Amino acid sequence: MERKTTHIPPEDIARQRGYCGAIKEINTRFAKAPLAFVDTYGCQQNEADSERIRGYLKEMGYGFTQDEKEAAVIVINTCAIREHAEQRVLGNVGALVHTKRKNPNQIICLCGCMVQEPHNAAKIRTSYRHVDMVFGPHALWRFPEFLYRILTRRGRIFETADDPGSIAEGIPVVRQNGVKAWVSIMYGCNNFCSYCIVPYVRGRERSRDPEGILAEVEELAKAGYKEITLLGQNVNSYGKDLPEPMDFADLLRKVNAVPGDFLIRFMTSHPKDATEKLFDAMAECEKVAPVIHLPVQAGNNRVLKAMNRVYTREIYLEKVRQLRQRIPDIVLTSDIIVGFPGETTEEFEDTMSLLREVEYDALFTFIYSPREGTPAAKMPDPMSKEEKSANFQRLVDLQNEISLKKHQAYEGKTIRCLVDGRSDDPRNNLTARTPGGRLVHFTGDEKLIGTYQNLTITGCSTWALFGELAE
Ligand code: SAH
Ligand code: SF4
Ligand code: F3S
């Protein structure tokens with residue numbers, strides 16, 4: 001099979017790293033390393049991209065800060081999934097006028113999905129003149145070159161050309177967390193769900209070679225990472241563009257065979273490509289966590305069709321049944337959109353009944369947000385905001401009831417959990433995750449972070465479990 005996926009040639013990445021070296025030379029002239037501030041909106045893909053931006057910045061000799069005011073370089077990695085996400089970004093970017101006024105040499109960079117949309121890039125160009133550099137996800141690998149240009153010649157940079165997308169290997173990363181790591185296995189999306197902007201801003205589906213993925217996982221396992229999440233907009237279509245036939249189930253088995261004491265998670269799975277072969281692999285691979293995020297979006301077949309989701313309610317429910325047959329205690333989570341254009345309250349009731357039937361452990365719920373350029377944005381949308389909000393609230397209330405019931409079933413059980421950080425719960429100082437990814441607050445020595453511990457679940461709320469170290 002002829003391979004359509006394009007890879008950035010290694011010599012081009014080497015040239016970018018050369019720019020990193022040149023910027024480092026400039027930065028060593030300062031008594032103290034200049035600081036960079038990286039702010040990330042959106043999904044894990046964006047988090048993973050920000051880790052690469054930090055990797056480049058570190059190689060350029062920057063330190064890191066959480067305070068925009070003291071930063072020499074600010075990078076805001078944006079999300080376009082809903083209007084709310086965009087407004088937050090614009091509000092925060094607007095406020096940077098003041099930090100830049102105090103520090104005119106500050107370099108402000110905007111990247112990510114939002115600026116890949118032409119109307120947003122145009123808005124930044126004309127109305128946010130304090131922004132120096134704008135580049136979309138396709139141009140991320142060239143960030144060092146852009147920054148070098150600005151440092152040596154000033155002027156503004158806009159690199160947001162539309163592109164089917166390519167794969168850039170060999171970019172350095174600075175990971176934000178020493179316990180859990182993201183590994184992108186593919187980029188882009190071909191599904192064109194009618195409401196969604198992602199395929200327009202992230203380009204076509206392209207899979208990384210399994211060798212590169214496995215080498216990264218091996219390195220992470222050796223470094224002591226305890227949880228590895230394989231990332232893609234639709235991991236289930238992994239491998240369709242590879243020269244050697246291979247699918248996501250095959251990849252899972254290979255990742256599972258990497259030596260080490262770590263759990264494997266993955267997201268997101270599109271139900272249309274979630275196969276029994278995948279469920280078998282999940283059941284048989286001991287490192288694969290018993291959890292799946294399987295977004296259904298809606299429970300009504302007409303709405304699913306209008307969303308271009310390609311499965312029916314019946315097909316979806318059958319997949320859930322197949323999964324639970326193999327992994328009875330699987331943790332199941334989903335995304336739901338309420339108020340898709342033309343969805344009636346009667347049709348929405350089908351989403352409510354689907355929730356009762358499936359009983360998800362947790363749900364991510366969204367009110368539909370029109371995205372310019374998508375087919376759904378042109379569909380008639382007669383339902384009032386109030387009616388959509390009322391439906392949304394009923395959905396949240398129902399899920400809260402289900403989540404609480406699901407959590408109560410954990411009480412009294414002792415579970416091997418990964419201690420993953422500090423808790424914001426006033427009665428506890430640590431958090432952990434069950435293998436299925438449920439959050440547990442408990443009290444213990446901070447040295448336990450990054451280890452597996454047996455926790456006995458003593459209580460719960462709608463959102464979390466409470467536990468104590470087992471004897
Ligand atoms: N690739 C993933 C979804 C990534 S976007 C998948 O297909 O499952 C995460 C979620 O945002 C989607 O599942 C959807 O529920 C929600 N979403 C996407 N576009 C939206 C829009 N225009 N309005 C409201 N919610 C949206
Ligand atoms: Fe968006 Fe659908 Fe692709 Fe998910 S599968 S990123 S919802 S187009
Ligand atoms: Fe947002 Fe882009 Fe992710 S639109 S959800 S950051 S792929």
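Here are some short exercises with worked solutions on this predicted model.

**Exercise 1.** Work out which side of helix α1 holds its buried residues, and which residues sit on the face turned away.

*Solution.* Start with the helix itself. Helix α1 covers residues 10-27, which is 18 residues. From the first C-alpha to the last it reaches 26 Å, close to the 26 Å expected at 1.5 Å a residue. Next, list what is buried: D12, I13, Q16, C20, I23, I26 and N27. Those residues cover an arc of only 115 degrees around the axis, so they lie on the same side of α1. Finally, check the face turned away from that buried side: it carries the exposed residues P10, E11 and E25.

**Exercise 2.** Classify the ring pair F248 and F266, then do likewise for Y311 and Y316.

*Solution.* You need two numbers, because a pair of aromatic rings is described by the distance of the centres and the angle of the planes. The model has eight aromatic pairs in total. For F248 and F266 the centres are 5.0 Å apart and the planes are at 70 degrees. Planes over 60 degrees apart count as edge-to-face, so that's the label for F248 and F266. Now see where the partners come from: F248 is in helix α8 (residues 248-256) and F266 in strand β13 (residues 263-267). They're 18 residues apart, so the pair links distant parts of the chain. Both of these phenylalanines, F248 and F266, are buried.

On to the tyrosines. The ring centres of Y311 and Y316 are 6.0 Å apart with planes at 40 degrees, so this pair is tilted. Y311 and Y316 are buried too.

One more bit of ring bookkeeping: F135, F143 and F146 are joined into a cluster by ring pairs.

**Exercise 3.** Find which arginines place their charge over a ring, taking F158 and F466 as the rings to check.

*Solution.* Take F158 to begin with: R125 lies over its face, at 4.1 Å from the ring centre. Then go to F466, where the charged end of R427 sits over the ring, 5.1 Å from its centre.

**Exercise 4.** Count the disulfides, and say whether C189 and C196 are buried or exposed.

*Solution.* The test is a pair of cysteine sulfur atoms within 2.5 Å. Applying it gives zero disulfides. As for burial, the cut-off is under 20% relative accessible area. C189 comes in at 9%, so it is buried. C196 has 13%, so C196 is buried as well.

**Exercise 5.** Describe the span that UniProt annotates at residues 34-152.

*Solution.* The unreviewed UniProt entry places "domain: MTTase N-terminal" there. In the model, the end C-alpha atoms of residues 34-152 lie 16 Å apart. By secondary structure, the span is 47% helix and 19% strand.

How values were computed: Residues are numbered from 1 along each chain as its sequence is written. Chains are lettered from A and ligands numbered from 1 in the order in which they are written. This is a predicted model: local features need pLDDT of at least 70, side-chain atom pairs count only at pLDDT 80 or more; totals for chains, interfaces and linings use all residues. Side-chain values use heavy atoms; hydrogens and water are left out. Buried means under 20% relative accessible area, exposed over 50%, partly exposed in between (1.4 Å probe, protein chains only). UniProt positions are given in the numbering used here, feature names are shortened, and annotations may be inferred rather than shown by experiment. Helices (H or I, at least four residues) and strands (E, at least two) are DSSP runs, numbered from the N terminus. Rings of Phe, Tyr and Trp (its six-membered ring) pair if their centres lie within 6.5 Å; planes under 30 degrees apart count as stacked, over 60 as edge-to-face and the rest as tilted. A charge sits over a ring if NZ of Lys or CZ of Arg is within 6 Å of the ring centre and within 35 degrees of the ring normal. The expected span of a helix is 1.5 Å times one less than its number of residues. The arc is that of the directions from the helix axis to the C-beta atoms.
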